[in-house]
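Here are a few exercises to work through with the structure open. Try each task before you read its solution.

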Amino acid sequence: MNETADKQPPTPEEITAIYDSIILPMIQPIVQRNRTSIARNKHALTKLFVTSTDLLLAQIVRDITDAKRVLTRQGIAVHADPHSEGVAKYRYTCRGHDAEFELTRDKARAEISARIAKYIADLVNVKSATRRSQP
């Protein structure tokens, strides 16, 4: 087999799966902690907030599973390297192509906030679309 063909870098879909496999597991406990905090409150809308958070968590888990499925199917391995102050380092191997990248704490926080906002927007949009389609 051609060695050049063996060392093909990951496709854009695979890069997304690599990144998702790192970021999404960071998001899950944050949302879970917020759910626990919300559930302790005895406000009139607590049930709505807890149920909405449960829907977000279910989607996050599905997305983590999908990312891991892509990595497994493509034989991609992702490894965390020792962290330095405020910087997480990761390596991945894909079809013999090795690469590494860093994720700063600030970048991770910004990405986590953006992803949570997108999950919420997607949830609201799905519920809005469902409501409009009902007679």
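Helices here are DSSP runs of H or I with at least four residues, numbered from the N terminus. Keep in mind that this is a predicted model.

**Exercise 1.** Find the helix that holds Glu-111, then decide: is Glu-111 buried or exposed?

*Solution.* Start with the location: Glu-111 sits in helix H4. Next, apply the cut-off, as buried means under 20% relative accessible area. Glu-111 comes in at 17%, so it counts as buried. Finally, look at its partners: skipping neighbours within four places in sequence, Glu-111 touches Tyr-19 and Ile-23.

**Exercise 2.** Work out which elements build the largest nonpolar core, and which residues have the most contacts inside it.

*Solution.* Begin with the count: this core has 25 residues. The ones with the most contacts inside it are Ile-18, Ile-27, Ile-60 and Leu-103. Now go by element: H2, H3, strand E2 (87-94) and helix H4 (105-133) each put in at least two residues. H2 is the top contributor, with 8 residues. Then zoom in on Ile-60: beyond four places in sequence, its contacts are Leu-24, Ile-27, Gln-28, Val-31 and Tyr-119.

**Exercise 3.** Place Leu-45, classify its accessibility, and name the surface patch residues that go with it.

*Solution.* First, Leu-45 lies in the loop between helix H2 (12-40) and helix H3 (46-74). Second, partly exposed falls between the 20% and 50% limits, so Leu-45, at 46% relative accessibility, is partly exposed. Third, Leu-45 joins Leu-48 and Phe-49 in a nonpolar surface patch of about 280 Å².

Notes
Residues are numbered from 1 along each chain as its sequence is written. This is a predicted model: local features need pLDDT of at least 70, side-chain atom pairs count only at pLDDT 80 or more; totals for chains, interfaces and linings use all residues. Side-chain values use heavy atoms; hydrogens and water are left out. Patches are made of residues with over 30% relative accessible area and no salt bridge: like charges are joined within 9 Å, nonpolar side chains (Val, Leu, Ile, Met, Phe, Trp, Tyr) within 5 Å. Accessible areas come from the Shrake-Rupley method with a 1.4 Å probe; for residues, only the protein chains shown count as cover. A salt bridge is a side-chain nitrogen of Lys or Arg within 4 Å of a carboxyl oxygen of Asp or Glu. Buried means under 20% relative accessible area, exposed over 50%, partly exposed in between (1.4 Å probe, protein chains only). A nonpolar core is a set of buried Ala, Val, Leu, Ile, Met, Phe, Trp, Tyr and Cys residues joined through side-chain atoms within 4.5 Å. Contact means heavy atoms within 4.5 Å.
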